[in-house]
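Ready to practise reading a protein model? Work through the exercises below, and try each task yourself before you read its solution.

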Amino acid sequence: MDKHLSNLSGFSLTSELFTEEKDAKFMGLRIVLLYLLVCYLFLYQNEVEGYRKLSKEEDLEMEEQLKRLNKPAMKTIKTKYGDIYDCVDFYNQPAFDHPLLKNHNFHPEMRSTSIPKRMSPGKDVPQSYYKSVNMGLKGGGCPIGTVPIRRITKDDLIRAKLHSQMYASKINPLVHGQDGTHYAAVQFTSNINYDGVGAVLNVWNLPVKSPQYTSGRIKIKNGAESMEAGWTVNPDLYGDNRTHMYIYTNAGQQSQCFNARCGYVHLRPDIPVDMVIDPVSTYGANQIVITLSIYQDPVKLDWYLKINDDHTDIGFWPHKIFTDLGQTATGVECGGEEFSPTDVPGPGMGSGHRLQYNTLYDAFCARTNIKVNNTIMNPPNDPEYVIDNDHFEVTAKGDVGGEVGYLIVYAGIEGVVT
């Protein structure tokens with residue numbers, strides 16, 4: 001690891017390798033690059049804190065947006081991490097501000113209409129060194145008939161807006177060569193209609209500085225539209241360096257957002273989609289996992305977000321907010337992603353180390369599955385690797401048997417400059 005990092009240190013050249021003239025040129029180039037980096041970070045920070053410089057009209061517009069997002073609360077819950085969740089009436093949650101959901105017949109007791117069949121019996125993740133994180137607000141969460149919505153501040157709104165614009169411009173389609181964004185993922189795009197994707201993800205926390213992020217997630221897509229669910233360390237999105245659960249909705253130009261802000265309908269009163277995940281995995285020791293799936297209801301065609309081994313419904317994406325994903329999906333993914341400005345050392349993915357091909361050390365998607373014709377099964381035997389340089393790794397091990405099932409491992413070295 002140290003050898004790799006020392007080889008990647010762009011400014012560790014010695015005078016023994018260069019003449020004095022080349023050293024002088026190099027030092028000049030270094031100064032210029034450092035100056036540009038400082039300018040970039042300064043401008044970015046100013047943009048994030050730009051509400052202090054907003055025009056009166058822009059400031060008023062943002063205040064109105066905050067009023068729309070922060071709904072009246074029946075109860076307020078403050079977590080030990082300082083996050084504030086408002087218990088908002090189910091019918092008053094942000095999803096129903098979506099123009100296509102104005103006239104709906106949804107209700108808080110909605111659940112998927114059927115339990116998918118399995119090609120083979122499902123098994124629990126072994127508990128010896130895997131531990132499922134206990135997701136949920138303490139004290140039972142919100143009252144019945146309400147849902148927990150994270151309170152948004154003006155800083156949150158500005159950061160999220162900037163990050164959503166950047167994320168939307170980079171994430172679709174998934175291609176190589178996008179400056180600063182790196183992937184280590186496996187995708188399946190066989191000529192079949194996918195009704196869902198699911199996996200057990202181990203959860204990590206790497207040092208991340210704004211505007212960087214690092215994530216592990218599942219994704220389902222059709223054309224330019226997609227849904228994601230996973231974990232992330234993302235200071236721009238959450239204002240801290242903790243690991244959070246997240247979802248991302250891409251339903252076209254008018255509906256691209258994180259978490260519960262543009263069409264996703266939340267159901268559970270005790271499990272927010274953006275809560276802190278704590279504890280996290282330890283390299284070479286206990287692995288903390290979350291089980292996530294996005295399965296389409298075979299009758300209503302809505303896409304349900306499910307959590308834990310019992311596939312508890314916590315919310316859904318109404319099919320009517322989509323065009324391409326309104327009926328089915330044509331591809332699924334699982335793996336990691338990071339972003340860091342060019343020439344800034346990246347946070348890495350997963351554990352931040354190279355693959356050891358050992359689930360005590362590697363970031364993984366265990367029990368990776370797809371749903372086809374309301375049947376849960378292993379992915380096809382034709383994985384496609386999405387990886388853009390040698391510092392990021394991903395391997396589909398296939399069905400390794402036992403409780404782990406279909407296994408994908410991925411990694412990205414911490415501190416790499418690309």
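**Exercise 1. Find how many aromatic pairs the whole structure holds, then classify the pair formed by Phe106 and Phe316.**

Solution. This is a predicted model, and a search of the whole structure gives 12 aromatic pairs. Start with the distance: the ring centres of Phe106 and Phe316 are 5.1 Å apart, and the cut-off for a pair is within 6.5 Å. Next comes the angle: the planes stand at 85°, and over 60 degrees counts as edge-to-face. The pair of Phe106 and Phe316 is therefore edge-to-face. Now place the partners: Phe106 sits in the loop between β2 and β3, while Phe316 belongs to strand β15, 210 residues apart. Both residues are buried.

**Exercise 2. Classify the pair formed by Tyr248 and Phe258.**

Solution. The centres lie 4.7 Å apart, with 50° between the planes. An angle that is neither under 30 nor over 60 degrees counts as tilted, so the pair of Tyr248 and Phe258 is tilted. Tyr248 lies in strand β10 and Phe258 in strand β11, 10 residues apart. Tyr248 and Phe258 are both buried.

**Exercise 3. Work out which strands stand at the edges of the open sheet with the order β1-β2-β5.**

Solution. Read the order of the 3 strands, whose pairing is antiparallel. β1 and β5 each have a single partner strand, so they stand at the edges, with one side lacking a neighbour in the sheet. Then look at β2 and β5: 5 bridges join them, and Val88 has Val147 in β5 as its bridge partner.

Methods
Residues are numbered from 1 along each chain as its sequence is written. This is a predicted model: local features need pLDDT of at least 70, side-chain atom pairs count only at pLDDT 80 or more; totals for chains, interfaces and linings use all residues. Side-chain values use heavy atoms; hydrogens and water are left out. Two strands pair if DSSP finds at least two bridges between them. Helices (H or I, at least four residues) and strands (E, at least two) are DSSP runs, numbered from the N terminus. Rings of Phe, Tyr and Trp (its six-membered ring) pair if their centres lie within 6.5 Å; planes under 30 degrees apart count as stacked, over 60 as edge-to-face and the rest as tilted. Buried means under 20% relative accessible area, exposed over 50%, partly exposed in between (1.4 Å probe, protein chains only).
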